[in-house]
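Biologist: Could you take me through one part of this model in detail? I would like a close look at the place where the two chains meet.

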Amino acid sequence: MTSKDKQPMRRNIRGGRPYFFADPATDKVLNMVVTLASEVWALRERVMAMEAIGAKRGAFKAGEVDAYEFPPALEQRMAGERQEFIANLFRVLGEQAEPKKTATAKKPAKKKKR
Amino acid sequence: MLELKHDLRLAKTRDEHARMNFVSGLRAYVLNDMATGMRASYDAEVEPAFRRKARRAPKDGPEVHQAIRSNEFFKFYSSLRVTAQDMVWQSVFPPLERQRESLKKKAKALATRRPGKLKLDAQLEVPRSVSALDVHLMPGNYDGEYESEDLAAGSLYDNGLAVFSFGLMGQNLDDIGESISRFIKARYPKFKPAEILDLGCTIGHNTGSWKDTYPSAHVRGIDVAAPCLRYAHARAQAQNRAVDFEQMNATALKYVDASFDVVFSSMFLHEVPRKDIAKVLAEAYRVLKPGGLMLHMELPPNAQLSPYDAFYLDWDSSYNNEPYYKPFRDLVPQRLCRQAGFKSTNYVQFVVPSIAWFGEQAVTRAVAAQGAVDSDKTGRLSDGLQWYCFGAWK
């Protein structure tokens, strides 16, 4: 078996992918958000695996993580970090928070029936 | 996500597995929940707006498509569906790239295990409809080769389909072949096919079911893509199915007249340019024995669907690199069969419940109560799916 000619597999789509929003950047950002969500999910599965392994090995009891309450000092530190986390998440909106003119306010869109 | 059951399945890290689970779940959400939401949005906003303007309802799929394009729900549905489609293949690349060498070794070892044969034709010209396109947005398509004796494209398709199908195509991705071959056996108990051919079989996932249903039959699958056939051969060997695979174009079969009792295909004709579809059917007629059955599992024709459902299925033609999909679905199957030489009175058409979804009993029940195309379930990959097929007896 020769592998001298072996090339890495092509990973991009010939002809590109279709876009749907007026600005393709919206589709791209949506793609980034979903990719991020996929990584968040991978982390959750990993944490769940670690908890299950920990419980199996007797490092802690099943359900102990869910029942755990942070001590006050740690809770306080986390509360601060949580707010930083949230602020960071919406940083991009903050950049536009002080426009020179008032942005055109739209009426809230009608709620779609599901 | 579905775990492949055979020895060629890729080993995955915990994180790779989790990413695949996520993409499967995302697709299930988009194709069930969001599809329902989009329909509701269409009924509540898009259709009434069209009626106000045109003073009538949309008359066909393209009119629905035109009307819904600016709808926000449609944009999110479509953009997320394309993203999920892209992520299906992207989730397979890392483990596949890592295991290409070992996959080849495994395939080589499996090649000698069972009587199934593989016959490739290095001279065969792969048609432009395959060689120039990434169908289903799958990078490299069915025929992409990256080294000698390559079968990576087959592995990409098999492992990708396991993510893509979110359990709706059966435990071995063979639900179409299984449901339809079992249906035919129950519907025609006296019919005992000895020679069965599967056209455009790719990795043979629906070819092997015919061998399971008719164990004494000689079952063959053909395709133009060598990497898929190499993989199909190894996959069948791994599943202990004695099936032969040959590299051939369905528009020019190398078999003599009257060679087969069944000429089957699944999800194949909609990948074929219109001008070649007639050739495929004429070839099927030629190689069938008198009393043989031609049967194509396909998406239902547009003429048998409501305008909205026609639009819904045609989404793939516009946005999933399926340029021949809508042109095929605009054709009338009865006419295609007649033009290929079959008698009009010998035309058949079935709607077969998915065994994976409804269980084996449902197929037997369906034989007794043959229904028409259920507009929003037939051929649609979502909960409660049924498979459409048409063909004719020679």
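Modeller: Happy to; here is the interface, followed by a short look at one of the partners. This is a predicted model, in which local features need pLDDT of at least 70 and side-chain atom pairs count only at pLDDT 80 or more, while totals for chains, interfaces and linings use all residues. Residues are numbered from 1 along each chain as its sequence is written, chains are lettered from A and ligands numbered from 1 in the order in which they are written, and side-chain values use heavy atoms, with hydrogens and water left out.

Chain A brings 33 residues to the contact and chain B brings 53, with contact meaning heavy atoms within 4.5 Å. Together they bury about 4000 Å², 59% of it on carbon and sulfur atoms; buried area is the accessible area (1.4 Å probe) that two parts lose on being put together, summed over both. Between the chains there are 6 salt bridges, each a side-chain nitrogen of Lys or Arg within 4 Å of a carboxyl oxygen of Asp or Glu. A:Arg46 and B:Asp15 form a salt bridge, with their closest N and O atoms 3.0 Å apart. On the side of chain A that touches chain B, 13 residues are nonpolar, 7 polar and 13 charged (Ala, Val, Leu, Ile, Met, Phe, Trp, Tyr, Cys and Pro count as nonpolar, Asp, Glu, Lys and Arg as charged, and the others, Gly among them, as polar).

As for chain B itself, its C-alpha atoms fill a box of roughly 65 × 55 × 40 Å along the principal axes. Of its 394 residues, 63% count as buried, that is, under 20% relative accessible area (1.4 Å probe, protein chains only).

Note on methods:
Buried < 20%, exposed > 50% of the residue type's maximum accessible area, 1.4 Å probe, protein only.
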